[in-house]
Amino acid sequence: MPERPCQFCAIVRGEQPAEIVLDTPEVIAFLDRRPVFKGHVLVCPREHVVTLTDLPDELLEPVFAGARLMAAAVKAGLGSTGSFVALNNTVSQSVPHLHVHVVPRTKGDGLRGFFWPRTTYADGEMTSYADRLRSALDVTGGGGAR
């Protein structure tokens, strides 16, 4: 059975639309289409890498620096109290392309343990959240999407 084409590689190539909030030579970050909370970002290496153990050493710093930038951006741009940062490795990895989840959090938001209920964006709302995150990255010196 042939493998499905990688959705995240299609986003990297510009073949699939996404609300990109961070775009560097090594890393791309975009809003999750099925967020745990609005503003939930996925940080991915541009290179197709499936799991953390496959990640080349030269991409460790750019990927996790991107996750750190996005953790700051969800606080500055969305007013969250903090963030939940996670990476699934094969199990529960819905797209087989390494991605770090950066989920905005506030005290009392209802997220408990590893149960991740999903929400949806209203029409146009996804762009608004992406704009706020890109602006926060510009302010923090992280440089948003190109």
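# Salt bridges, a sheet and a helix

A search of the whole structure, which is a predicted model, finds 6 salt bridges. Before turning to some of them, it helps to have the outline of the chain in mind. The protein chain has 3 helices and 5 strands, and from the N terminus on these elements follow one another in the order α-β-β-β-α-β-β-α. Of the 146 residues of the chain, 47% count as buried. Among the contacts between residues at least 6 apart in sequence, 61% join residues at least 24 apart.

The strands come next. In what order do the 5 strands lie in the sheet? They form an open sheet in the order β1-β2-β3-β5-β4, and the pairing is antiparallel. The edge strands are β1, residues 20-23, and β4, residues 82-87, each of which pairs on one side only. On average, neighbouring strands of this sheet are turned by 20° against each other, if direction is ignored. At the β1 edge, β1 and β2, the latter made of residues 27-31, pair in the antiparallel sense over 3 bridges, and Asp23 has Ile28 in β2 as a bridge partner.

Helix α2 packs on this sheet, where the helix touches β1, β2, β3 (41-45), β4 and β5 (100-105), and the direction of α2 makes about 15° with that of β5. The length of the helix can be checked with a short piece of reasoning. Helix α2 has 22 residues, 57-78, and at 1.5 Å a residue these should span 32 Å, because the expected span is 1.5 Å times one less than the number of residues. The C-alpha atoms at the two ends of α2 are 32 Å apart, which agrees with that expectation. Many positions along α2 can be followed in the structure as buried residues, including Leu59, Pro62, Val63, Ala65, Gly66 and Ala67, and further along the helix Met70, Ala71, Ala73, Val74, Gly77 and Leu78 are buried as well. Just after α2 comes Gly79, which takes a positive phi of about 75°.

With these elements in place, we can return to the salt bridges. One of them joins Glu15 and Arg13, whose closest N and O atoms are 2.9 Å apart. Are these two residues buried or exposed? Glu15 counts as exposed because its relative accessibility is 56%, where over 50% is needed, and Arg13, at 51% relative accessibility, counts as exposed too.

A second salt bridge is formed by the side chains of Glu19 and Arg134, at 3.5 Å from N to O. Glu19 lies in the loop between α1 (7-12) and β1, while Arg134 lies in helix α3 (residues 125-140), so the pair ties together parts that are 115 residues apart in sequence. Glu19 counts as buried because its relative accessibility of 17% is under the limit of 20%, and Arg134, with a relative accessible area of 18%, is buried as well.

A third salt bridge brings us back to the edge of the sheet, where Arg46 is joined to Asp23, the closest N and O atoms being 2.4 Å apart. Since Arg46 lies in the loop between β3 and α2 and Asp23 in strand β1, this pair ties together parts that are 23 residues apart in sequence. Asp23 is buried, with a relative accessible area of 15%. Salt bridges that share partners also join Glu19, Asp131 and Arg134 into one network.

The surroundings of Glu19 deserve a further look. Besides its salt bridge with Arg134, Glu19 takes part in a polar contact of 2.6 Å between its side chain and that of Thr127. Leaving aside neighbours within four places in sequence, Glu19 is in contact with Ala29, Phe30, Leu31, Met126, Thr127, Ala130 and Arg134.

Finally, consider Leu87, which has its place in strand β4. With a relative accessibility of 25%, Leu87 counts as partly exposed. Which residues does Leu87 contact, leaving aside its neighbours within four places in sequence? They are Leu52, Phe64, Leu98, His99 and Val100. Leu87 and Val102 are 15 residues apart in sequence, and the distance between their C-alpha atoms is 9.1 Å.

Note on methods
Residues are numbered from 1 along each chain as its sequence is written. This is a predicted model: local features need pLDDT of at least 70, side-chain atom pairs count only at pLDDT 80 or more; totals for chains, interfaces and linings use all residues. Side-chain values use heavy atoms; hydrogens and water are left out. Helices (H or I, at least four residues) and strands (E, at least two) are DSSP runs, numbered from the N terminus. Buried means under 20% relative accessible area, exposed over 50%, partly exposed in between (1.4 Å probe, protein chains only). Two strands pair if DSSP finds at least two bridges between them. Axes are lines fitted to C-alpha atoms, for helices over the stretch in contact, and angles run from 0 to 180 degrees between N-to-C directions. Contact means heavy atoms within 4.5 Å. A salt bridge is a side-chain nitrogen of Lys or Arg within 4 Å of a carboxyl oxygen of Asp or Glu. A polar contact is a pair of N or O atoms within 3.5 Å; within protein, one must be able to donate a hydrogen and the other to accept it, and residues adjacent in sequence count only if both atoms are side-chain atoms.
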